[in-house]
Amino acid sequence: MSKKAKKDVKPYFYDLIQTPVVTEKSTMASEFGKVVFKVRNDATKADVKEAVEALFNVQVTKVNTLN
């Protein structure tokens, strides 16, 4: 993820991204610039990308989801 211009932050984004996941596996992924979040079950990849870009002021290149 790289820095980019700030987007509008919608209140919905704070509900969409619930918590960061801090495990051994996610910590190892952070060495490669990856971040793991717990998000709402009804969130789409596009929603997650838009929320992360707006909240953290970064450019998201890829979103992977897991149920």
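Start by selecting E50: this residue is partly exposed, with a relative accessible area of 30%. You're looking at a predicted model, by the way. Now add K10 to the selection, another partly exposed residue, at 42% relative accessibility. The two side chains meet in a salt bridge, with 3.4 Å from N to O. E50 sits in helix α3, while K10 is in the loop between β1 (2–3) and α1, so this pair ties together parts that are 40 residues apart in sequence. Why would two such side chains meet at all? Side chains of opposite charge can pair when their charged atoms come close.

How many salt bridges are there? The count comes to 2. For the other stop, pick D42 and R40, whose closest N and O atoms are 2.8 Å apart. D42 is partly exposed at 47% relative accessibility, and R40 is partly exposed too, at 30%.

**Into the core**

Next, select F13, L16, I17, A43, V48, A51, V52, A54, V58, V60 and V63. Together these 11 residues make up the largest nonpolar core. Color by element and you'll find that α1 (11–16) and α3 (45–56) are the ones giving two or more residues to this core. Which of the elements gives the largest share? That's α3, with 4 residues.

Stay here and click on V48. Leaving aside residues up to four places away in sequence, V48 touches L16, V39, A43 and V63. L16, A43 and V63 are core members as well, so keep them on screen while you look around.

**Rings to look for**

Time for the aromatics. Searching the whole structure turns up 2 aromatic pairs. Show Y12 and F13 for one of them: the pair is tilted, 6.5 Å centre to centre with 50° between the planes. Are these two buried or exposed? Y12 is partly exposed at 33% relative accessibility, whereas F13 is buried, with a relative accessible area of just 2%.

Then jump to F37 and F56. Their ring centres are 5.5 Å apart and the planes are at 20°, so this pair is stacked. F37 lies in strand β3 (residues 37–39) and F56 in helix α3, so the stacked rings tie together parts that are 19 residues apart in sequence. F37 is partly exposed, with a relative accessible area of 22%, and F56 is partly exposed at 41%.

**Around the pocket**

Keep F37 selected, and turn on a surface if your viewer has one. The largest pocket has a volume of about 990 Å³. Which residues should you click to find its centre? Of the 26 residues that line this pocket, V35, V36, F37, N64 and T65 are the closest to the centre. If you color by element again, look for α2 (24–30), β3 and α3, each of which supplies at least two residues of the lining.

**Last stop: S26**

Finish in helix α2, where you'll find S26. This serine counts as buried, at 9% relative accessibility. What does S26 touch, not counting residues up to four places away in sequence? V21 and V36. Try drawing a distance line to V36: the C-alpha atoms of S26 and V36 are separated by 6.2 Å, although the two residues are 10 apart along the chain. You've already met V36, one of the residues closest to the centre of the largest pocket.

Technical notes
Residues numbered from 1 in each chain as written. Predicted model: local features only at pLDDT ≥ 70, side-chain atom pairs only at ≥ 80, totals over all residues. Heavy atoms only, no water. Core = buried A, V, L, I, M, F, W, Y, C linked by side-chain atoms within 4.5 Å. Buried < 20%, exposed > 50% of the residue type's maximum accessible area, 1.4 Å probe, protein only. Contact = heavy atoms within 4.5 Å. Salt bridge = Lys/Arg side-chain N within 4 Å of Asp/Glu carboxyl O. Phe/Tyr/Trp six-rings, centres within 6.5 Å; stacked < 30°, edge-to-face > 60°. 1 Å grid on protein atoms, 1.4 Å probe; cavity = no way out; pocket = protein on both sides within 12 Å on 5 of 7 lines; lining within 4 Å. Points joined across faces, edges and corners; volume = space filled by probe spheres on them.
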